[in-house]
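Notebook open, coffee poured. I want to walk through this model and jot down what I look up as I go.

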Amino acid sequence: MEQITVKPGDSGQRLDKYLGKYLKEAPRSFLYKMMRKKNITLNGKKAQGNEILKEKDEIRLFLAAETIEKFRGSMKEDGVHGTLDIPYEDDQVLFVNKPAGMLSQKASREDVSLVEYIAGYLQEKEKRGEERGDTFRPGICNRLDRNTSGLVAAGKTVRGLQALSECFRERSMEKYYLTLVSGRIEKPAYIKGFLKKDEKKNQVIISEKEIPGSLPIETRYKPLEISRGGDTLLMVELLTGRSHQIRGHLAAIGHPVIGDKKYGEKKSNERYERKYGVKSQLLHAWKLCFPKEEGTLKGLSEKTVTARPPELFLKVLGGEGFSEELYRENKGDTES
C-alpha cells in the first residue's frame with residue numbers, strides 16, 4: 001500500500017487527472033476499476049474520479065509495489081537549467097521575459113523551449129524546499145512567436161495555471177506591446193479586420209471583410225514618437241490574440257514591423273540590419289495590466305507586470321534619436 005498526501009502544487013485538479021499523471025503508464029480503465037473496487041481511495045472513502053483535490057487530501061493505493069513502480073514509469077523531466085529574466089513571481093504564477101529566438105513551447109520532440117527552462121528553474125526551487133507537487137508540470141498561458149520577445153505567463157501550480165489561463169481566455173487583462181514600424185503614424189487608431197492563416201506557409205492573410213476560414217481581429221495602437229528617419233515607435237494593445245495578428249495587421253495598413261522578414265518592407269529591413277544588426281522583428285510583449293483579483297491570483301490584483309525590451313531594441317531606439325524618457329519608461333519592472 002502507498003499513501004500520497006496531496007501537495008499544494010497539485011490541488012485544484014480532478015482525482016482521475018492526478019492519477020493519470022501519477023500512474024502515467026496505467027490504462028484509464030484500470031484506474032477506474034481500482035477506484036470501483038476501493039483499491040484506490042480518497043480520504044479513506046470510495047472515489048469516483050471527478051473529485052477536486054485539496055491540499056493534504058490523502059490518496060491510498062492498495063496496489064503491489066511492483067504494480068505502482070511499473071505504472072509510474074520514468075518520472076524524469078526534461079528541465080533545462082539556465083538564467084531566466086523573471087519580472088514577477090509569487091507562489092502561484094511567474095512571468096518570464098522571453099528573449100527573441102527562443103520557442104515558447106516545443107514544436108517538435110527535439111526542441112528546447114521556454115517551458116523546459118521554466119521546468120529547470122522550478123526543479124532548482126524544489127531542491128531548496130519549495131514543494132511543487134508530485135504530478136504538476138509547468139505550463140504557459142500565452143505563446144509568443146520565436147522571434148518576438150517579452151512577457152510569457154506560466155503557472156507554478158495547477159490552480160495558478162488554471163486561473164491565469166482563464167484570464168487569457170476571458171481577456172480580463174490588458175496586453176500591450178512595443179514595436180518599431182516603418183513610416184510615420186501620427187494619430188492613435190483602433191483597427192478591425194479578419195485574419196486567415198495558411199498553416200502550410202505559416203503566414204496570415206488580413207482582409208477588411210470576412211472570408212471563409214477567417215477570424216475577426218481587433219488592434220489598438222498609439223504612436224509614442226517618430227524617429228529622425230520617419231519611422232514610428234508604437235504601443236500596441238492586443239484586443240484579440242490571433243497568430244501573427246500584430247505583424248499582419250500593421251503590414252496590412254502599410255506600416256510593417258521593422259525587421260519582419262515575413263511581412264516587412266525589404267528596403268527598411270536591410271537598412272536596420274546593416275546599421276544595427278537587426279535580423280528579426282522589433283516586437284516586444286511589454287506589459288500586462290491586471291484588474292482587481294481575488295483568490296488564487298490575488299497577488300496580481302491591480303498590478304502591471306512589465307518586461308524590459310531587449311538591448312538591441314533599446315540600441316535601435318537610441319540610434320534613431322528617440323527621447324531618453326522613452327528608454328526610462330520602457331526599462332520595465334513590476335508596478336503596484
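My entries below go from the overall picture to the cores, the pocket and a few single residues.

**Overall**

I note at the outset that this is a predicted model. I counted the secondary structure and got nine helices and 15 strands. I then boxed the C-alpha atoms along the principal axes and got roughly 75 × 45 × 40 Å. The protein has 336 residues, and 49% of them come out as buried. I also looked at contacts with a separation of 6 or more: 66% of these join residues 24 or more positions apart.

**The annotated domain**

I checked UniProt next, where an unreviewed entry lists residues 13-73 as "domain: RNA-binding S4". That stretch is 41% helix and 15% strand in the model. Its end C-alpha atoms sit 21 Å apart.

**Nonpolar cores**

In soluble globular proteins, nonpolar side chains tend to be buried together, so I went looking for the clusters. The largest core here has 26 residues. Ile-118, Tyr-177 and Leu-250 have the most contacts inside this core. Which elements supply at least two residues each? I listed strand S6 (93-98), helix H4 (114-127), strand S8 (149-155), S9, strand S13 (232-238), H6 and S14. H4 provides the largest share, five residues.

A second core of 21 residues lies apart from this one, and Leu-23, Ala-26, Leu-63 and Ile-68 are among its members.

I picked Leu-250 to see what surrounds it. Leaving out residues up to four places away in sequence, Leu-250 touches Thr-179, Val-181, Tyr-221, Leu-234, Val-236, His-255, Pro-256 and Val-257.

**The largest pocket**

I moved on to the pockets, and the largest one holds about 1200 Å³ of space. Its lining counts 47 residues, and those closest to the centre are Arg-143, Leu-144, Asp-145, Ser-243 and His-244. Two or more lining residues come from each of helix H5 (158-170), strand S9 (174-181), strand S10 (189-198), helix H6 (245-252) and strand S14 (283-289). S14 gives the most, with five residues. I sorted the lining by type and got 16 nonpolar, 14 polar and 17 charged residues. I cross-checked against the core list too: S9, H6 and S14 appear there, and these three elements are also on the pocket list.

**Positive phi**

Most residues other than glycine have a negative phi, so I scanned for exceptions. Lys-56 is one, with phi near 75°. Lys-56 sits in the loop between strand S3 (45-46) and strand S4 (58-61). Asn-202 is another, with phi near 50°, and its place is the loop between S10 and strand S11 (203-207).

Are these two buried or exposed? Lys-56 has a relative accessible area of 63%, so I call it exposed, the cut-off being over 50%. Asn-202 comes to 34%, so this residue is only partly exposed.

**Gly-49**

I stayed with the S3 to S4 loop, since Gly-49 lies there as well. How accessible is Gly-49? The value is 0%, so Gly-49 counts as buried. Beyond residues up to four places away in sequence, Gly-49 touches Arg-14, Leu-15, Asp-16 and Met-35. My last lookup was a distance: the C-alpha atoms of Gly-49 and Lys-209 are 47 Å apart, with these positions 160 residues apart along the chain.

Terms used: Residues numbered from 1 in each chain as written. Predicted model: local features only at pLDDT ≥ 70, side-chain atom pairs only at ≥ 80, totals over all residues. Heavy atoms only, no water. 1 Å grid on protein atoms, 1.4 Å probe; cavity = no way out; pocket = protein on both sides within 12 Å on 5 of 7 lines; lining within 4 Å. Points joined across faces, edges and corners; volume = space filled by probe spheres on them. Helix = DSSP H or I, 4+ residues; strand = E, 2+ residues; numbered from the N terminus. Nonpolar A, V, L, I, M, F, W, Y, C, P; charged D, E, K, R; others polar. UniProt positions renumbered as here; feature names shortened; annotations may be inferred. Core = buried A, V, L, I, M, F, W, Y, C linked by side-chain atoms within 4.5 Å. Buried < 20%, exposed > 50% of the residue type's maximum accessible area, 1.4 Å probe, protein only. Contact = heavy atoms within 4.5 Å.
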